[in-house]
Amino acid sequence: TQAVPVIDIDGPSASGKGTVAARVAAALGWNYLDSGALYRLTALAAQRAGVAWNDEPRVAAVAAGLDVVFGVDSILLAGEEVGEAIRSEEISSGASQVAALPAVRTALLFRQRAFRRAPGLVADGRDMASVVFTDAVSKVFLTASVEARAERRYKQLISKGIAAKLQPLLQEMRERDERDRGRSVAPLLQSADARLLDTTELSIEAAVAQVLAWARPLLPAQTCR
Ligand code: CDP
Ligand code: CDP
């Protein structure tokens, strides 16, 4: 039997990975994995359990024991809706801190691979191509200038009625990029076999179309609709 096909979309914060990956998955009728949500959930669950974000063994235990249910438009942590709570700037920073701990990454590995179900999976994150789904049929590294990304995050927050300031966001984005790129385990980088898609000047629709155009010729016939 053929392995369930995967499309990997990695890239830095606010490059549009989540939006593009979810739309590509919808276009193909495939499953979607937002791997960053698992790191965010780990940071939130640790905080709620009074576990410091640098306490590797205890955070890894939290990650291994996450009681999470992903719905169409909801994320339940121990039965409580946390879809908004995990997007705060504080939890964004916490997520990138717990993500630097090797034991945490190992604890989340199997949980991520469990999303690989027929007819296919689109997975977004930092290390989909380099670690989690190395045998993907198509690998994309999505990026955009740090200024464009900070601006997108700013607009995203404002549109949700969340107070935000551009300069601190830009600063936080730079710090998180640096932490994600500089860590020794699974750093954010473009895999040698991934295609680069710079969306600084590209609309979401154009990015989705490009990802689909790259992937379609490589897909087993029966897996896409
Ligand atoms: O949406 P945004 O790109 O800002 O963040 P995210 O994808 O939800 O990921 C939050 C944090 O989790 C990132 O800053 C990474 O440190 C970490 N992460 C990771 O290490 N590996 C992944 N596959 C996904 C996220
Ligand atoms: O998942 P990631 O953090 O990489 O980014 P996202 O949450 O998908 O996108 C961040 C914001 O940028 C969203 O509000 C998107 O609508 C927007 N965006 C955009 O304006 N232009 C693009 N080409 C891609 C995303």
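**Buried elements, sheets and a cavity in the predicted model**

In this predicted model, the buried residues of helix H4 are Ile91, Ser92, Ser93, Gly94, Ala95, Ser96 and Val98. That makes 7 buried residues out of the 10 in H4, which spans residues 89-98, and the helix is mostly covered. The cover comes from several helices, including H2 (35-48), H3 (56-64), H5 and H8. One residue of H8 (residues 166-182) worth a closer look is Glu172. Leaving aside neighbours within four places in sequence, Glu172 is in contact with Glu89 and Ser93. Glu172 has a relative accessible area of 15%, and because buried means under 20%, this glutamate counts as buried.

Strand S7 (138-143) comes next. Here 6 of the 6 residues are buried, so the strand is largely enclosed by the rest of the structure. In a regular strand the side chains alternate between the two faces of the sheet. Both faces of S7 turn out to be covered. Ser138, Val140 and Leu142 are buried on one side, and Lys139, Phe141 and Thr143 are buried on the other.

What does S7 pair with? Strand S1 (residues 6-10) pairs with S7 in the parallel sense, over 4 bridges. Within S1 and S7, Asp8 stands opposite Lys139. Strand S8 (residues 195-198) also pairs with S7 in the parallel sense, again over 4 bridges. In S8, Leu196 is the bridge partner of Phe141.

Helix H9 (residues 204-215) holds Trp214, which links up with this part of the model through its contacts. Not counting neighbours within four places in sequence, Trp214 is in contact with Ser138 and Val140, and also with Arg195, Leu196 and Leu197. The C-alpha atoms of Trp214 and Arg195 are separated by 8.9 Å, with the two residues 19 apart along the chain. Trp214 is itself buried, at a relative accessible area of 18%.

Some empty space is left inside the model as well. The structure holds 1 cavity of 30 Å³ or more, and the volume of this largest cavity is about 50 Å³. Its lining is made up of Asp10, Arg126, Asp127, Ala129, Ser130, Val140, Phe141, Leu189, Ser191 and Ala194. Two elements give two or more residues to that lining, namely helix H6 (128-132) and strand S7 (138-143). By residue type, the lining divides into 5 nonpolar, 2 polar and 3 charged.

Asp127, one of the lining residues, is also touched by Ala186. Ala186 sits in the loop between H8 and S8. Residues up to four places away in sequence aside, Ala186 touches Arg105, Asp127 and Val131. This alanine counts as buried, at 15% relative accessibility. Ala46 is 140 residues away from Ala186 along the chain, and the C-alpha atoms of the pair are separated by 21 Å.

The model also has an open sheet of 3 strands, in the order S3-S4-S5 and with antiparallel pairing. Its edge strands are S3 and S5 (80-81), each of which pairs on one side only. S4 (residues 75-77) and S5 run antiparallel and are joined by 2 bridges. As for individual residues, Leu76 has Glu81 in S5 as its bridge partner.

Strand S3 turns up again in the aromatic contacts. The count comes to 1 aromatic pair, formed by Phe70 and Phe115. How are the two rings of Phe70 and Phe115 arranged? The pair is edge-to-face, at 5.6 Å centre to centre and with 75 degrees between the planes. Phe70 lies in S3 (residues 68-70), whereas Phe115 is in the loop between H5 (102-113) and strand S6 (121-125), so the pair ties together parts that are 45 residues apart in sequence. On burial, Phe115 has a relative accessible area of 14% and is buried. Phe70, at 32% relative accessibility, counts as partly exposed.

Methods
Residues numbered from 1 in each chain as written. Chains lettered and ligands numbered in written order. Predicted model: local features only at pLDDT ≥ 70, side-chain atom pairs only at ≥ 80, totals over all residues. Heavy atoms only, no water. 1 Å grid on protein atoms, 1.4 Å probe; cavity = no way out; pocket = protein on both sides within 12 Å on 5 of 7 lines; lining within 4 Å. Points joined across faces, edges and corners; volume = space filled by probe spheres on them. Nonpolar A, V, L, I, M, F, W, Y, C, P; charged D, E, K, R; others polar. Phe/Tyr/Trp six-rings, centres within 6.5 Å; stacked < 30°, edge-to-face > 60°. Buried < 20%, exposed > 50% of the residue type's maximum accessible area, 1.4 Å probe, protein only. Contact = heavy atoms within 4.5 Å. Pairing = 2+ DSSP bridges.
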